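The exercises below are to be worked with the sequence and the structure side by side. Try each task before reading its solution.

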Amino acid sequence: MARKPAKGTARRSAGEFFDQLAEREYEPLLEKASGTARFEVVGGKQTERWLVQFDKGHVRVSRRNTRANTVVRAPEASFERAAAGHLNLMAAVLRGEIVVSGDPRMLVRLQRLFPRPGDRR
């Protein structure tokens, strides 16, 4: 039997998170929002980027490195914890663990796409 990781240590890669988001195509939690966000996930000397475009619930994800309303820059380990539901994005921003530039209201909307800490869905 496989052991469960210690609480708060389970991770989900950025690629897995954005692949699953792209498969959704429509997210009811964003039906009243429109905008773009670029996520920059930093691992060592490498930065991976994803562009999330959403328009009244319709979501598109690409690897384009283009201008966005909001840019979220996070260390790989922090992003993986957020994608697994073990880190609240807004709390991480307030602690300086994750950096947001542009329109911070977008982060409030996009946080809905991430599992909530303690959520056992």
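**Exercise 1. The core**

Which residues have the most contacts inside the largest nonpolar core, and how many residues does this core have?

Solution. The model is a predicted one. Its largest nonpolar core has 27 residues. Those with the most contacts inside it are Phe17, Phe18, Phe39, Val52, Phe54, Phe79 and Phe114. Next, assign the core to elements: α1, β1, β2, β4, α2, α3 and α4 (104-110) give two or more residues each. The largest share, 4 residues, comes from α1. As a general point, nonpolar side chains tend to be buried together in soluble globular proteins.

Now take Phe39 and list its contacts, leaving aside neighbours within four places in sequence. The list is Phe18, Glu48, Arg49, Trp50, Val52, Val72, Phe79, Leu110 and Phe114.

**Exercise 2. The sheet**

State the strand order of the sheet, then find its edge strands.

Solution. The sheet is open, has 5 strands and runs in the order β3-β2-β1-β4-β5, with mixed pairing. Its edge strands are β3 (58-62) and β5, since each of them pairs on one side only. From one strand to the next, the twist averages 20 degrees.

Look next at one pair of strands. β2 (residues 46-55) pairs with β3 in the antiparallel sense, over 5 bridges. Within this pair, Leu51 is opposite Ser62, and Val52 is opposite Val61.

**Exercise 3. Helices against the sheet**

Describe how α1 and α2 are placed relative to the strands.

Solution. Start with α1 (residues 14-24), which packs on the sheet and touches β1 (34-43), β2 and β3. Its direction makes about 20 degrees with that of β2. By contrast, α2 (residues 76-83) lies across β1 and β4 (70-75) and runs at about 105 degrees to β4.

Then ask which residues of α1 are buried. They are Ala14, Phe17, Phe18 and Leu21. These four lie on the same side of α1, because they cover an arc of only 90 degrees around the axis. The buried residues of α1 pack against β1, β2, β3 and α2.

**Exercise 4. Loop residues**

Where do Glu25 and Lys56 lie, and are they buried or exposed?

Solution. Glu25 follows α1 and sits in the loop between α1 and β1. Its phi is positive, about 65 degrees, although Glu25 is not a glycine. Its relative accessibility is 55%, so Glu25 counts as exposed.

Lys56 belongs to the hairpin of β2 and β3, which has 2 residues between the strands. Phi of Lys56 is also positive, near 50 degrees, again in a residue other than glycine. With a relative accessibility of 54%, Lys56 counts as exposed.

For a further loop residue, take Gly96, between α3 (89-95) and β5 (99-102). At 52% relative accessibility, Gly96 counts as exposed. The C-alpha atoms of Gly96 and Ala74 are 9.8 Å apart, and the two residues are separated by 22 residues along the chain.

**Exercise 5. Confidence**

Over which residues does pLDDT stay under 50?

Solution. For the chain, the mean pLDDT is 88, and 87% of the residues reach 70 or more. The stretch with pLDDT under 50 is residues 1-9. For these residues the model has 4 contacts beyond four places in sequence. Predicted coordinates should not be read in detail where pLDDT is low.

Conventions: Residues are numbered from 1 along each chain as its sequence is written. This is a predicted model: local features need pLDDT of at least 70, side-chain atom pairs count only at pLDDT 80 or more; totals for chains, interfaces and linings use all residues. Side-chain values use heavy atoms; hydrogens and water are left out. Buried means under 20% relative accessible area, exposed over 50%, partly exposed in between (1.4 Å probe, protein chains only). pLDDT is the predictor's confidence in each residue, from 0 to 100. Contact means heavy atoms within 4.5 Å. Two strands pair if DSSP finds at least two bridges between them. Axes are lines fitted to C-alpha atoms, for helices over the stretch in contact, and angles run from 0 to 180 degrees between N-to-C directions. A nonpolar core is a set of buried Ala, Val, Leu, Ile, Met, Phe, Trp, Tyr and Cys residues joined through side-chain atoms within 4.5 Å. The arc is that of the directions from the helix axis to the C-beta atoms.
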